[in-house]
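Visitor: I'm new to this one. Could you take me on a close look at a single part, the largest pocket, and the strands around it?

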Amino acid sequence: QVQLVESGGGLVQPGDSLTLSCKASENIRSIDALGWYRQAPGKQRDLVADTDRIGFITYGNSVRGRFTVSKDDAQNMMYLHMNTLHPEDPAIYYCKAVVSWQTYWGRGTQVTVSS
């Protein structure tokens, strides 16, 4: 069982930057896929960024070029660096891990963008 804890959400203004963190209970080098998803009220949960063991990263269309993912293997941490936040970016941001075909989710962290 992999436990994931997100942090770093908050209220920002349009154009601001914010970095989210995801702490995994397992060695992230043993995780097959590790990524970020987001869900706005009344909408489905969408891909933000997904990474695999060899470092290949897939970004969602709406965040490509603005958001980047990084990892700290020693700390079992994954980060989502969000730049130029848009009014359509508010959502609960979730960390997701896949290990041996099992999917695990964190509880999410809320990001609000408002002027």
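Guide: Here is a walk through the pocket, its strands and a few spots elsewhere. First, some ground rules: this is a predicted model, where local features need pLDDT of at least 70 and side-chain atom pairs count only at pLDDT 80 or more, while totals for chains, interfaces and linings use all residues. Residues are numbered from 1 along each chain as its sequence is written, and side-chain values use heavy atoms, with hydrogens and water left out.

So, the pocket. The term stands for an open set of points on a 1 Å grid over the protein atoms alone, where a 1.4 Å probe fits, with protein on both sides within 12 Å along at least five of seven lines; lining residues have an atom within 4 Å of a point. The largest one holds about 190 Å³ of space, a volume being the space filled by probe spheres set on the points, which are joined across faces, edges and corners. Its lining counts 13 residues, and nearest the centre are Arg 38, Lys 43, Asp 46, Ser 62 and Glu 88. Sorted by class, that lining has four nonpolar, five polar and four charged residues. Here Ala, Val, Leu, Ile, Met, Phe, Trp, Tyr, Cys and Pro count as nonpolar, Asp, Glu, Lys and Arg as charged, and the others, Gly among them, as polar.

Two strands, β4 (33-39) and β5 (46-52), each give at least two residues to this lining. Strands are DSSP runs (E, at least two residues), numbered from the N terminus. Let's stay with β4: six of its seven residues are buried, so the rest of the structure largely encloses it. Buried means under 20% relative accessible area, exposed over 50%, and partly exposed in between (1.4 Å probe, protein chains only).

What does β4 pair with? Strands pair if DSSP finds at least two bridges between them. β4 and β5 run antiparallel and are joined by six bridges, with Gly 35 standing opposite Asp 50 of β5. Together they make a hairpin with six residues in between, and Gly 42 in the turn has a positive phi of about 75°. β4 also pairs with β9 (residues 91-99), antiparallel again, over seven bridges; there, Gln 39 sits opposite Ile 92.

Follow the chain back from β4 and you meet Asp 32, in the loop between β3 and β4. Asp 32 is partly exposed, with a relative accessible area of 29%. Its C-alpha atom is separated by 29 Å from that of Leu 85, which is 53 residues away along the chain.

Past β9, the loop leading to β10 (102-105) contains Ser 100, and Trp 101 has its place in the loop between β9 and β10 too. Ser 100 has a phi near 50°, a positive value in a residue other than glycine, and Trp 101 has a positive phi near 70°. Ser 100 is exposed at 54% relative accessible area, and Trp 101 counts as exposed at 82%.

Now for β3, on the other side of that Asp 32 loop. It belongs to an open sheet of four strands in the order β1-β3-β8-β7, with antiparallel pairing. The edge strands, β1 (4-7) and β7 (67-72), each pair on one side only. Between β1 and β3 (residues 18-24) there are four bridges, and Val 5 stands opposite Lys 23.
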